[in-house]
Amino acid sequence: MSDAAVRLGQTDVYVTPLGVGTWAWGDRHFWGYGREYGEQDVREAIAASLEHGVTFFDTAEIYGGGQSERLLGQGIRGLREQVVVATKFMPFPWRLSRRSLLRALRRSLERLGLGQVDLYQVHGPLPPLPVETWAEALADVVEAGLARTVGVSNFSADQI
């Protein structure tokens, strides 16, 4: 762990002050993956990040339709102890149960090639389910050992 590492809340998860967001990785429509850059560029970005001490990577199941998670997983294979991985669940309106979050995380773990992520987040406060439902589902994934810690992304202070 780097001396500059930042502790996430009251958890045992520490991240580098600078992280790598992977939204563009694998996204053909918005970011031009496959036209402007490709898999080799992603591997080089991971290597350059690690070379410069940036070990925190943030992805999501919806980035590139899961391709971002696949590319990150391939790029960190064999380096698990050196990196901190965060990914996110999108609470689409057709996902109406706590179990949908658990199923989504299991699919993310498959794409990442991991047994556990360091941080699992709800990507945004989409209706119709209340945030409490997702909070309970997040507790479930920690209890199942699939995430070290959990959180939310794109929520306002009032929503939290």
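This tour proceeds from the whole chain to its cores and then to single residues in a predicted model.

**The whole chain**

Display the complete chain as a cartoon. Its secondary structure amounts to 5 helices and 7 strands, and, read from the N terminus, the order is β-β-β-α-α-β-α-β-α-β-α-β. The radius of gyration is 15 Å, close to the 15 Å of the globule rule for 160 residues, so the chain is as compact as a globular protein of that length. Switch to the C-alpha trace, which spans about 40 × 40 × 30 Å along its principal axes.

Contacts between distant parts of the sequence can be examined next. Among the contacts in the chain with a separation of 6 or more, 72% join residues 24 or more positions apart.

Now colour by accessibility. Of the 160 residues, 45% count as buried. The accessible surface comes to about 8,600 Å², and carbon and sulfur atoms hold 52% of that area. Colouring by charge instead brings out 16 positive and 19 negative side chains; the centres of these two sets lie 7 Å apart.

**Helix H3**

Select residues 67-76, which form helix H3. Because 7 of its 10 residues are buried, helix H3 is largely enclosed by the rest of the structure. The buried positions are Ser 68, Glu 69, Leu 71, Leu 72, Gly 73, Gly 75 and Ile 76. To see what covers them, add the surrounding elements, including helix H2 (39-51), strand S4 (56-58), strand S5 (84-89) and helix H4 (98-112). Then step just past the end of H3 to Gly 78, where phi is positive, at about 85°.

**The largest nonpolar core**

In soluble globular proteins, nonpolar side chains tend to be buried together. Here the largest nonpolar core holds 30 residues, and those touching the most other members are Trp 25, Leu 72, Val 85, Leu 101, Val 117 and Tyr 120. At least two residues of this core come from each of H2, H3, S5, H4, strand S6 (117-122) and helix H5 (131-143). The greatest share is that of H4, with 5 residues.

Centre the view on Tyr 120. Leaving out residues up to four places away in sequence, Tyr 120 touches a set that includes Thr 87, Lys 88 and Phe 89, as well as Leu 101, Ala 104 and Leu 105. Further along the sequence, its partners include Leu 138, Val 141, Ala 147 and Val 150.

**The other core and Val 15**

Apart from the largest core lies another, of 6 residues, with Val 13, Val 15, Phe 56 and Ala 86 among them. Select Val 15, in strand S2 (residues 14-15). Its relative accessibility is 6%, so Val 15 counts as buried. Outside its neighbours within four places in sequence, the contacts of Val 15 are Ala 5, Val 6, Leu 8, Phe 56 and Val 84. A distance label between the C-alpha atoms of Val 15 and Val 83 should read 8.7 Å, although these residues are 68 apart along the chain.

**Two buried loop residues**

Move to Tyr 63, in the loop between S4 and H3. With a relative accessible area of 11%, Tyr 63 is buried. Beyond its neighbours within four places in sequence, Tyr 63 is in contact with Thr 22, Trp 23, Trp 25, Asp 58, Ser 68, Lys 88 and His 123. Among these partners, Ser 68 is one of the buried residues of H3, while Trp 25 belongs to the largest nonpolar core.

Next, select Leu 114, in the loop between H4 and S6. At 15% relative accessibility, Leu 114 likewise counts as buried. Setting aside neighbours within four places in sequence, Leu 114 is in contact with Ile 76, Arg 80, Val 85 and Leu 109. Its C-alpha lies 12 Å from that of Ala 86, 28 residues away in sequence.

**Two exposed residues**

Turn to His 29 in helix H1 (residues 28-31). His 29 has 76% relative accessibility and so counts as exposed. The C-alpha atom of His 29 is 8.3 Å from that of Gly 64, with their positions 35 residues apart along the chain.

Finish at Asn 154, in the segment after strand S7 (147-152). Its 57% relative accessibility places Asn 154 in the exposed class. Most residues other than glycine have a negative phi. Asn 154, however, has a positive phi, near 65°.

Conventions
Residues are numbered from 1 along each chain as its sequence is written. This is a predicted model: local features need pLDDT of at least 70, side-chain atom pairs count only at pLDDT 80 or more; totals for chains, interfaces and linings use all residues. Side-chain values use heavy atoms; hydrogens and water are left out. Helices (H or I, at least four residues) and strands (E, at least two) are DSSP runs, numbered from the N terminus. The radius of gyration is taken over C-alpha atoms; the globule rule is 2.2 Å times the number of residues to the power 0.38. Buried means under 20% relative accessible area, exposed over 50%, partly exposed in between (1.4 Å probe, protein chains only). Contact means heavy atoms within 4.5 Å. Accessible areas come from the Shrake-Rupley method with a 1.4 Å probe; for residues, only the protein chains shown count as cover. Lys and Arg count as positive and Asp and Glu as negative; His and the chain ends are not counted. The place of a charge is taken as NZ of Lys, CZ of Arg, CG of Asp or CD of Glu. A nonpolar core is a set of buried Ala, Val, Leu, Ile, Met, Phe, Trp, Tyr and Cys residues joined through side-chain atoms within 4.5 Å.
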